[in-house]
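Colleague: Thanks for making time for this. Could you take me through your labels and tell me how each one was reached?

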Amino acid sequence: MNKYTIPDEKSEHEGTWLQWPHGYTYGEDYKKGIEHIWIKMASALSEGEKVHIVAYNQAEKEKINKLLTSQGINMNMIDFFISPTDDVWARDNGPIFVYDHNNNLNLWDPGFNGWGKKTPFAKDASLRERLSKELNIERTIRINSS
């Protein structure tokens, strides 16, 4: 039986994941209303760590890249992953990295159901699986505890 360790929130980390706002789920007004916050987060975070941005598709990636470049953000600290998402809450459906008993990095996927199917979630629910394949990191669906 494998045991996994989730790093403490105070542990050193390599970067932060952001799911960029888009207009495909809630419309362009939603995106426009919050995108400035993601720009500020990307700017502040990129001063000291990598920022991994999940963009809905290639066209969105290009828009985000142009936007961040125009803001003078160091694009060497930014990388992109293409994956359709429903929402922006990477905290709830984004990658959760854990270590197995051999100290190998795994991507834990406890599942995501849109907070009890209260919001659209099908695209968000597949994000961890897509990232596991793209990053070539084993995805762990169940973590045994004891």
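Modeller: Happily; what follows goes through the salt bridges, one helix, two backbone angles and a pocket, and please keep in mind that this is a predicted model.

Colleague: Let's start with Arg-128 and Asp-109. What makes this pair a salt bridge?

Modeller: The closest N and O atoms of Arg-128 and Asp-109 are 3.6 Å apart. The cut-off is a side-chain nitrogen of Lys or Arg within 4 Å of a carboxyl oxygen of Asp or Glu, so the pair qualifies. Arg-128 lies in helix 6 (residues 127-135), while Asp-109 sits in the loop between strand 5 (105-108) and helix 4 (114-117), so the contact ties together parts that are 19 residues apart in sequence. Both partners are buried.

Colleague: Which residue does Lys-133 pair with, and where do the two lie?

Modeller: Lys-133 forms a salt bridge with Glu-129, with 3.5 Å between the closest N and O atoms. Both are in helix 6, four residues apart, or about one turn of the helix.

Colleague: Why is Lys-133 called exposed, and why is Glu-129 called partly exposed?

Modeller: Lys-133 has a relative accessible area of 61%, and exposed means over 50%, so the label fits. Glu-129 has a relative accessible area of 32%. Buried would need a value under 20%, and partly exposed covers what is in between, so Glu-129 takes that middle label.

Colleague: How do you know that Glu-129 and Arg-139 also form a salt bridge?

Modeller: Their side chains meet at 4.0 Å, N to O, and the limit is 4 Å, so this pair is counted too. Glu-129 is in helix 6 and Arg-139 in strand 6 (residues 139-140), so the contact ties together parts that are 10 residues apart in sequence. Arg-139 is partly exposed, at 26% relative accessible area. Taken together, Asp-109, Arg-128, Glu-129, Lys-133 and Arg-139 are linked in a network of salt bridges. The structure holds seven salt bridges.

Colleague: Which residues of helix 6 are buried, and how do you know that they line one face?

Modeller: The buried ones are Leu-127, Arg-128, Leu-131 and Ser-132. Looking down the axis of helix 6, they fall within an arc of 135 degrees, so they line one face of the helix.

Colleague: What makes the phi of Asn-136 worth a remark?

Modeller: Most residues other than glycine have a negative phi. Asn-136 has a positive one, near 55 degrees. Asn-136 follows helix 6, in the loop between that helix and strand 6. With a relative accessible area of 70%, Asn-136 is exposed.

Colleague: And what is the phi of Trp-115?

Modeller: The phi of Trp-115 is near 55 degrees, again a positive value in a residue other than glycine. Trp-115, though, lies in helix 4. Its relative accessibility is 33%, and that value is neither under 20% nor over 50%, so Trp-115 counts as partly exposed.

Colleague: Last topic: how much space lies in the largest pocket, and what lines it?

Modeller: The largest pocket holds about 770 Å³ of space. Its lining has 22 residues, of which His-13, Gly-15, Trp-17, Pro-95 and Phe-97 lie nearest the centre. Strand 1 (15-19), helix 3 (90-93) and strand 4 (96-99) each supply at least two lining residues. By type, the lining divides into 11 nonpolar, six polar and five charged residues.

Note on methods
Residues numbered from 1 in each chain as written. Predicted model: local features only at pLDDT ≥ 70, side-chain atom pairs only at ≥ 80, totals over all residues. Heavy atoms only, no water. Buried < 20%, exposed > 50% of the residue type's maximum accessible area, 1.4 Å probe, protein only. Arc of directions from axis to C-beta. 1 Å grid on protein atoms, 1.4 Å probe; cavity = no way out; pocket = protein on both sides within 12 Å on 5 of 7 lines; lining within 4 Å. Points joined across faces, edges and corners; volume = space filled by probe spheres on them. Nonpolar A, V, L, I, M, F, W, Y, C, P; charged D, E, K, R; others polar.
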